[in-house]
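Subject: A structure for you to look at

Dear colleague,

I am handing over a structure that I have been reading through, and I would be glad if you kept it open beside this message. My notes on what was found follow directly below it.

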Amino acid sequence: MTRIVLLRHAHSVANAKAILAGRTPGINLSERGLKESLEVADRLREVDFSAIRISPLERCSQTVQPLIERMDQQNKKAKPPTKIAIEEDLIEVDYGKWTGRKLSALSKEKDWKIVQNTPSAMYFPGGEGLLQVQARGMRALNAIAHSPGQGPKLLVSHGDVIKAIIAGVIGTHLDHFQKIVIDPASISILDFTGKDYRVLTLNNTSTEIKSFLASSGSKKQGARALLGGGAGRTGKR
């Protein structure tokens, strides 16, 4: 079994201004976001990731930087370094002409209802469609799931990208993805059985999550968890 952590970037300056940042360069974390990045590093402090893939945008790198620094300090030649790479498929949605605009203004656009009610039909003017986002998000997920390494693996991305991945994993239509909430600095965890995925926790913003990852690599533990709705978390709470 392989555990895969999906981490949304922490609160950004665009989040603070209620602006749809999209792929605009130079969007950094807010003061709140910088604190959240330290909290993420603390919550994941004992997790030994075998691979990390990060969206190319600054707010994602900034979110995971304290964690990477902590991992470097803890490892110090004790084992091969974690394989860390930028993953283009994890980049934010290309919102095209909507990029940089206030959400309050966008909510008055005629296509806003499409985004909210039938997002699978939405192609952002001058940008990409949400079905395309889901396809590349699942491609990134499957790539890291099948990559070498026995320990948990980490994907750092954006809210709509993670929502699209979760919708794909649970087999719901993309038109339902607005029912999924992914907050800044939230952690969602998937269990990859080798053939399919299960959701272990979703949009977690407060709990230390080591216990959710304790059985990563254990085929026996994962098989038992299929019975009775789940065997419960391992380790101390």
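Strands, like helices, are taken here as DSSP runs and numbered from the N terminus, a strand being a run of E with at least two residues. With that in mind, please remember throughout that this is a predicted model.

As an overview, the protein chain has nine helices and six strands, and 49% of its 237 residues count as buried. If one takes the contacts between residues at least 6 apart in sequence, 73% of them join residues at least 24 apart.

One of the strands, β6, covers residues 197–204 and contains Asn203. This residue has a positive phi of about 55° although it is not a glycine, which is worth a pause because most residues other than glycine have a negative phi. Is Asn203 buried or exposed? With a relative accessible area of 19%, Asn203 counts as buried, because the limit for that word is under 20%.

Ala18 also has a positive phi without being a glycine, in this case near 55°. Ala18 lies in the loop between α1 (13–16) and α2, and its relative accessible area of 34% makes it partly exposed.

The helix that follows this loop, α2, runs over residues 31–43. Its 13 residues reach 19 Å from the first C-alpha to the last, which is close to the 18 Å expected at 1.5 Å a residue. Within α2, the buried residues are Gly33, Glu36, Ser37, Val40, Ala41 and Arg43. They cover an arc of only 160° around the axis, and therefore they sit on the same side of α2. On the other side of α2, the exposed residues are Glu31, Lys35 and Leu38.

Finally, there is a pair of helices to examine, and two packed helices are described by the angle between their axes and the distance between the axes. The axes of α6 (residues 130–145) and α7 (residues 159–170) come within 8 Å and cross at roughly 75°, so α6 is roughly perpendicular to α7. On the α6 side the contact is made by Val133, Gln134, Arg136, Gly137, Met138 and Leu141, while α7 brings Val161, Ala164, Ile165, Ala167, Gly168 and Val169. Sorted by class, the contact of α6 with α7 has eight nonpolar, three polar and one charged residues.

With kind regards

Definitions and conventions
Residues are numbered from 1 along each chain as its sequence is written. This is a predicted model: local features need pLDDT of at least 70, side-chain atom pairs count only at pLDDT 80 or more; totals for chains, interfaces and linings use all residues. Side-chain values use heavy atoms; hydrogens and water are left out. Axes are lines fitted to C-alpha atoms, for helices over the stretch in contact, and angles run from 0 to 180 degrees between N-to-C directions. Helices (H or I, at least four residues) and strands (E, at least two) are DSSP runs, numbered from the N terminus. Angles under 35 degrees count as roughly parallel, over 145 as roughly antiparallel, 65 to 115 as roughly perpendicular and the rest as oblique. Contact means heavy atoms within 4.5 Å. Ala, Val, Leu, Ile, Met, Phe, Trp, Tyr, Cys and Pro count as nonpolar, Asp, Glu, Lys and Arg as charged, and the others, Gly among them, as polar. The expected span of a helix is 1.5 Å times one less than its number of residues. Buried means under 20% relative accessible area, exposed over 50%, partly exposed in between (1.4 Å probe, protein chains only). The arc is that of the directions from the helix axis to the C-beta atoms.
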